[in-house]
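Here is a short set of exercises to work through with the coordinates open beside you. Try each task before reading its solution.

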Amino acid sequence: MAASDNHYYVPEKSALAFCTATSVAIFILGFAAGLNSMTFGDGGGFGWELMVAGLLAFLSSLFVWFKTAIDENRQGLANAQLKRSYVLGMQWFIFSEVMFFAAFFGTLFYIRQFALPWLAGEGNKSPFAESLLWQGFENVWPLVNTPQDVVGVEGQYQANNGVFPGARESMGWQGLPLINTILLLTSSLTLHFAHSYLLTNNRGMFNLWLGATLVLGFVFVGCQVLEYKHAYSDLGLTLEAGIYGSTFFILTGFHGFHVCMGATMLLVQYLRSTAAGHFDAEDHFGFEMAAWYWHFVDVVWVGLFLFVYIF
Amino acid sequence: MGEHHGPEKGIKRWLLATNHKDIGTMYLWFSFAMFLIGGAFAMIIRAELFQPGMQLVEPDFFNQMTTLHGLVMVFGAIMPSFVGLANWMIPMMIGAPDMALPRMNNLSFWLLPFAFAVLLSSLFMEGGAPNFGWTFYAPLSTTYGPPSTTFFIFGVHIMGASSIMGSINIIATVMNLRAPGMTYMKMPLFVWTWVITAFLLIAVMPVLAGAVTMMLMDIHFGTSFFSAAGGGDPVLFQHIFWFFGHPEVYIIILPAFGVVSEIIPTFARKPLFGYASMVYATASIAFLSFIVWAHHMYTTGMPLAGELYFMYATMLIAVPTGVKVFNWVATMYDGALTFETPMLFCLGFLFLFTMGGFTGLMLSIAPADFQYHDTYFVVAHFHYVMVAGAIFSMTAAVYYWLPKWCGRMYNETLGKAQFWISFIGFNLTFFPQHFVGLAGMPRRIPDYALQFADFNMMSSIGAFIYGGSQLFFLYNVIATIRSGEKVSDDKVWEGANGLEWTVPTPAPFHTFSTPPEVK
């Protein structure tokens, strides 16, 4: 698969994709079977075991895949054009992630701007006020009194898929969320320092600042775990706590998951630099992509901090 | 460099493929298999509706059939077929050696058979397959969905991942691997339409992933996104779904526009009437597709301002679409036309898609849509654009490029016969559905009032004819590959233009190892 700048790069056959696809299939089969046995109690066999096996196979496939790509690059097989392809691939992947979060931010916006006011009777042109399904429901955000709370489960006109006792209290932005904001914003800065030192081939300082970024990232995840504990045990803010809990956990949860992914990417880059001596001022797109991803995750957090916690 | 290695032998060639042509071939065959399965579901639907009253299947199974028919056709047949075409043609059209990320290309493909194995296996699960329609509106799909919904959700997730990776690959290929001199405004229109389609896919597939994730949370983790009791809203599901779903219909039709824009100039022996205007029209359609989604939801009780806005915005789409239709017509005007099979399918496309566009305009009128909503008029409308739009142009593409792919010419008589049988079968199926729809026959119901009996019987007969014509198509393709007349001319078609016609016929395993010159 030799390639030079005036020849195109054409890879050999590869089992990476097929192994990855197979392990993804095992993973989702196990996951779905496990969830169904959890919710519907319909046997499900060994869903969770299958899921874990699929996940391990998936992670191993990815590990080998990335190792292959890194080795190819170390051997000088990846020409400038292929590197541009990788960069484009990462940019558009991040765009797809932006749209994934957009779905949840859009949900939050729609719920707060439209759904809740309408549930509380706004725009109801019926002369019969009693035609409202949720008598007495008021739209106050953060929503701690769900429509169901107001009329009582027995007072519902329709069966629903659950009981949604609202949270006792909402999550303030002071305290842990503010600390987390500072942590993540600082980590973007430290990561930028690391990048700058890499551009001057200063490996010592690069490792130091990248390591600092990692520490900040992991402390963030730790704080997030504490915050969830606080939400569940002190505030009664749970997944079942109506739409406030739903939007809170889906946004912060997926963000936290992405922080973990970003931190893992950075950890890999850290180990590549410290243990294997990879990267120099010219050739470090593995690091650069992880860094882009990290900055993206930071920007999402700023959105979260503003629209989930403060406003 | 070792670029002269040929394909592997046996099954490994397909499992381990990194070659864009092999992966394209897999996509095309996979999509055709899905097309036949989805078609079989449609035959069950039409057999049940052959006469009023309950004939063959239980209502719940009927619902499973309408659901799976839609899902399989949209996600399994039409979309992968155009991805397969993109894999085959885009590198050849822009002078690239392969796709930009060949190993990921293989992953994009191999996720699909697994996704559909999971989806179709739900037919055999307790509680049956998903039965809530291909739009899977909550709460039908959350509170009232069968347990197999969980498998459906994960199936959608990996289909989405496949589409996103495929799209990233196409965009990276086009942005990065164009031959020197192949500027953006020299690219064939099929490439242009695919770039814009790929952009749409990357923008909306994650939104669909978000929607099904919220469903999953509502089903298994007690959240209340789509349940008013907890402060959520079932209509929210529809907004998110159609924010994906409306661009999705352009994802399906834009590559079809690209195909037609390649074929009509060839058989009119004239360049496309207005290349730049076609590019801008495609981009405009893509932009508009993001801001019109709620025209699928006129009857949900949106505020008047919303109804009006979505109505006018939707009507605007007729402008760039009209630019395209007039472009194709003007290309043919005064041309030296011949009517080989690909051209016949394109003409069929032109007439029938335009009709589908007009019924779309009727549907865009909010007050009128209150009457049409969820009737067979809608079914007729979207089959005119999906089948006569996407499938006809896909069929045209296969007849058009098959000689280049396998080096053999299809039998023109059989090809033309297939066109006319399809054309008659299609119109017999769907034209009467306009009338029963306007008269109030609701969709997705296994029984109907007696006054709809005649038209429904016509529809069913047409559907069986159309279904049979697809088996005939399969025979044509296989007969061509096995024993078609050898093609010696690289160009194949007298009026053809473009880089793909400069390479030998059949196209070699690796097309370009060094960039070709583009003047």
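Relative accessible area sorts residues into three classes: buried means under 20%, exposed over 50%, and partly exposed in between (1.4 Å probe, protein chains only). This is a predicted model, in which local features need pLDDT of at least 70 and side-chain atom pairs count only at pLDDT 80 or more, while totals for chains, interfaces and linings use all residues. Residues are numbered from 1 along each chain as its sequence is written, chains are lettered from A and ligands numbered from 1 in the order in which they are written, and side-chain values use heavy atoms, leaving out hydrogens and water.

**Exercise 1. Classify both partners of the salt bridge between B:Glu494 and B:Arg269, and place them in the chain.**

Step 1: apply the distance rule. A salt bridge is a side-chain nitrogen of Lys or Arg within 4 Å of a carboxyl oxygen of Asp or Glu. For B:Glu494 and B:Arg269 the closest N and O atoms are 2.9 Å apart.

Step 2: locate the partners. Helices (H or I, at least four residues) and strands (E, at least two) are DSSP runs, numbered from the N terminus. B:Glu494 lies in the segment after strand E2 (485-486) of chain B and B:Arg269 in the loop between H7 and helix H8 (275-289) of chain B, so the pair ties together parts that are 225 residues apart in sequence.

Step 3: classify. B:Glu494 has a relative accessible area of 59%, so this residue is exposed. B:Arg269, at 29%, is partly exposed.

**Exercise 2. Do the same for the salt bridges of A:Asp71 with A:Lys67 and of B:Arg13 with B:Asp22.**

Step 1: start in chain A. The closest N and O atoms of A:Asp71 and A:Lys67 are 3.0 Å apart. Both residues sit in helix H2 (residues 47-74) of chain A, and because they are four residues apart, about one helical turn separates them. A:Asp71 is partly exposed at 27% relative accessibility, and so is A:Lys67 at 43%.

Step 2: move to chain B. The side chains of B:Arg13 and B:Asp22 meet at 2.8 Å, N to O. Here B:Arg13 counts as partly exposed at 26%, whereas B:Asp22 is buried at 3%.

Step 3: check the total. Over all chains, the structure holds six salt bridges.

**Exercise 3. Describe the interface of chain B and chain A.**

Step 1: count contacts, meaning heavy atoms within 4.5 Å. By this rule, 74 residues of chain B touch 73 residues of chain A.

Step 2: find the buried area, which is the accessible area (1.4 Å probe) that two parts lose on being put together, summed over both. The two chains bury about 6,400 Å² between them, and 73% of this lies on carbon and sulfur atoms.

Step 3: look for charged pairs. The rule finds one salt bridge across the interface. The side chains of A:Glu72 and B:Arg103 meet in a salt bridge at 2.7 Å, N to O.

Step 4: assign the chain B side to helices. H4 (102-121), H5 (149-176), H6 (189-220) and H7 (234-268) of chain B each supply at least two residues of the side that touches chain A. The largest share, 14 residues, comes from H6(B).

**Exercise 4. Which residues form the nonpolar surface patch of chain A, and which helix gives the most to the patch?**

Step 1: set the rule. Patches are made of residues with over 30% relative accessible area and no salt bridge; like charges are joined within 9 Å, and nonpolar side chains (Val, Leu, Ile, Met, Phe, Trp, Tyr) within 5 Å. Accessible areas come from the Shrake-Rupley method with a 1.4 Å probe; for residues, only the protein chains shown count as cover.

Step 2: list the members. They are A:Trp173, A:Leu178, A:Ile182, A:Leu185, A:Val302, A:Leu306, A:Phe307, A:Ile310 and A:Phe311, with about 760 Å² of accessible area together.

Step 3: assign them to elements. Helix H5 (176-199) and helix H8 (285-310) of chain A each supply at least two residues, and H8(A) gives the most, with four. A:Trp173 is found in the loop between helix H4 (147-151) and H5 of chain A, and is partly exposed at 32% relative accessibility.

**Exercise 5. Where is B:Ser364, and is this residue buried or exposed?**

Step 1: B:Ser364 belongs to helix H11 (residues 341-364) of chain B.

Step 2: with a relative accessible area of 2%, B:Ser364 is buried.

Step 3: leaving out residues up to four places away in sequence, B:Ser364 touches B:Tyr298, B:Met311, B:Thr314 and B:Met315.
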